[in-house]
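Welcome to the tour! Open your viewer, keep the selection box handy, and follow along one stop at a time.

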Amino acid sequence: MVETWHDATIFLTQQFQPKTDPAARGLAAFAARTSYGATMLTLTWGVLTATGWIRSVTGRKGLRSTHMVLATATIIFGAVHALGFTYLTVQPYSFGYMFIPFGSGQEGRHIAGIVGFEVMFAIFLTAGLQRFTSYRRWLWLHRCAYPAVALIAIHSWFGAIANGHLSVTWLGGITLLVPAVTVSMLRFMPARTLERIGLVEEQVA
Amino acid sequence: MRSASELAGFGFEPPSVLERTRPLVRILFVVALVLALLAPGSASLAQTTAISDTDAILLTKVRQAGLWEMPSGMMAMEKGSPIVQKVGFAIMMDHGRLDVATRALSQKLNSPVPDQPSDEQRGWLAEEMAASPGPEFDRVFANRLRAAHGAVFNVLAQLRAGTRSDDVRAFATVGNQAVMRHMTMLESTGMVDYTALPAPAVSTTSAPVGEPLGLDTSQIAVVGALFLLLGGGLFYALRQIKSNRGRARASRPATARTGGSHG
């Protein structure tokens, strides 16, 4: 029996290893990374659309269209990422776990991702409903994207750490995170400070 | 009437090609600088050193854990109560995945791993084989596996905290989570005798900053520098674009441009 340990291990590994799980996990990881990138770029483009800082390069229409395309990609790839885990054959996550936050046994990083995704989804659904509600109410909801993106970033970074992928993804992750953080910080700076640093033109009349 | 040369003297001359492309050249220079500074940082963060003796021990421990726990899980599916069957199956599957990762890493790092469990582990397997199906097997299974997982958990935690190899660090992270999951599942059977487990030995000295992520000070500095360079580069680019537009509008009266009111 002792001589066959190695063969037995190989046999067990090959026989009982679900063939579809690596594919589902790989797809979920790919969707997660794509969604993370789209999320950061959506926020960056959103701020640039709102402020008009690069309007002279692209035009407002181009900025707005790109913002919407990126937001759509964020939602689609985010949903694919979540749904991928329901297709696992070993220890799959249920729909309830995936989409209802603060359930029993949920990890903190998962709760952050679920809440972030659902807030983004609410913004996505209401993006075209501006004319049916007051502008201030619509704007209030749209600005919830800032904390939602922060939650998604927390979910992504802790996910990469937990899965041991940080050494692979850190450079791309930071490269995409920094523009979003930078423009968000600039967005919330007082107008006088922005004027002083040359991002806002002087008010004359 | 003034000549063209006189008008040029008053600053009405259109900007030359060189002047118009200057902002672009500056932006490209900043981008090139960022990339140049990133290269060594990337190397220092993502470097993979040769496998050390302690890293080799980790691969050996995880491999041998799989070599006896997979057959244990198989036995649990045949001899255990329903809950133990479920736990045994999950442990077997997890170790199957972990074993694939272990062999792949051992091949990559050229560090051979054993093909057989240790004598002690074979003894535990014999004990499980001798136990009669039902509560006796459940008790042996839960306690033997829980004690073994506790020992591997210690090794994984130490290696995860201190290894110099990126590959081993990633592997230890995955292994650590798997072992933690298994201990929780084994404890959920309600058959673990905690008094029989070895007493914990904990250092009373505080851990240095950054250790939980396996990052040292220089790596944190690289990440900080990256933030400054990328953020600064973006800010510089935005200012250049804005100032270009400002120059283009210089002839028109300025109005309040605090940006749009939404988003």
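Is Ile154(A) buried, partly exposed or exposed? Select Ile154(A) and find out: this residue is partly exposed, because 16 other C-beta atoms lie within 10 Å. The scale behind that word calls a residue buried if 20 or more other C-beta atoms lie within 10 Å of its own, exposed if 12 or fewer, and partly exposed in between, with C-beta atoms placed from the backbone.

Before moving on, a word about what is on your screen. This is a predicted model, in which local features need pLDDT of at least 70 and side-chain atom pairs count only at pLDDT 80 or more, while totals for chains, interfaces and linings use all residues. Residues are numbered from 1 along each chain as its sequence is written, and chains are lettered from A and ligands numbered from 1 in the order in which they are written.

**Stop 1: around Ile154(A)**

Ile154(A) sits in helix α8 of chain A. Helices here are DSSP runs of H or I with at least four residues, strands are runs of E with at least two, and both are numbered from the N terminus. Now add Arg109(A) and Ala112(A) to your selection: setting aside neighbours within four places in sequence, these are in contact with Ile154(A). Contact means that the C-beta atoms of two residues, placed from the backbone, lie within 7 Å. Try Gly113(A) too: it is 41 residues from Ile154(A) in sequence, but their C-alpha atoms are 7.7 Å apart.

**Stop 2: the whole of α8(A)**

Select residues 145-162 of chain A, which form α8. Does the length fit a helix, or not? The 18 residues of α8(A), at 1.5 Å a residue, should span 26 Å, and the end C-alpha atoms are 25 Å apart, which agrees. The expected span is 1.5 Å times one less than the number of residues.The buried residues of α8(A) include Val149(A), Ile152(A), Ala153(A) and His155(A). Color them, then show the partners they pack against: α2, α6, α7 (135-143) and α9 of chain A. Just after α8(A), click on Gly164(A), which has a positive phi, near 75 degrees.

**Stop 3: the largest core**

Which residues have the most contacts inside the largest nonpolar core? They are Met40(A), Val149(A), Leu177(A) and Ala180(A), in a core of 42 residues. A nonpolar core is a set of buried Ala, Val, Leu, Ile, Met, Phe, Trp, Tyr and Cys residues joined through C-beta atoms within 7 Å. Elements giving two or more residues to this core include α2 (21-51) and α9 (166-187) of chain A, and also α8 (217-248) of chain B. α2(A) gives the most, with ten residues. Zoom in on Leu177(A): beyond its neighbours within four places in sequence, Leu177(A) is in contact with Met40(A) and Ala153(A). Another core, of 36 residues, lies apart from this one, and Leu59(B), Met75(B), Val152(B) and Ala170(B) are among its residues. In soluble globular proteins, nonpolar side chains tend to be buried together.

**Stop 4: two helices side by side**

Show α6(A) and α7(A) by themselves. These helices pack at an angle of about 145 degrees, with axes 9 Å apart. The axes are lines fitted to C-alpha atoms, for helices over the stretch in contact, and angles run from 0 to 180 degrees between N-to-C directions. The crossing of α6(A) past α7(A) is left-handed, a word used if the near helix is turned anticlockwise from the far one by less than a right angle. Next, select the meeting residues: Ala122(A), Ile123(A) and Thr126(A) from α6(A), with Trp138(A), Leu141(A) and His142(A) from α7(A). Four of the residues in this contact are nonpolar, two are polar and none is charged. Here Ala, Val, Leu, Ile, Met, Phe, Trp, Tyr, Cys and Pro count as nonpolar, Asp, Glu, Lys and Arg as charged, and the others, Gly among them, as polar.

**Stop 5: two loop residues**

Go to Phe102(A), in the loop between α5 (95-99) and α6 of chain A. Phe102(A) is not a glycine, yet its phi is positive, about 65 degrees. With 8 C-beta neighbours inside 10 Å, Phe102(A) counts as exposed. Then jump to Asn110(B), in the loop between α4 (82-108) and α5 (119-130) of chain B. Phi of Asn110(B) is also positive, near 55 degrees, and this residue counts as exposed with 8 C-beta neighbours inside 10 Å.

**Stop 6: inside chain B**

Select Met70(B), in helix α3 (residues 53-79) of chain B. Met70(B) is buried, because 27 other C-beta atoms lie within 10 Å. Ala90(B) is 20 residues away along the chain, and the two C-alpha atoms are separated by 9.8 Å.

**Last stop: zoom out**

Chain A has ten helices and zero strands, and 33% of its 205 residues are buried. Chain B has eight helices and zero strands, with 31% of its 263 residues counted as buried.
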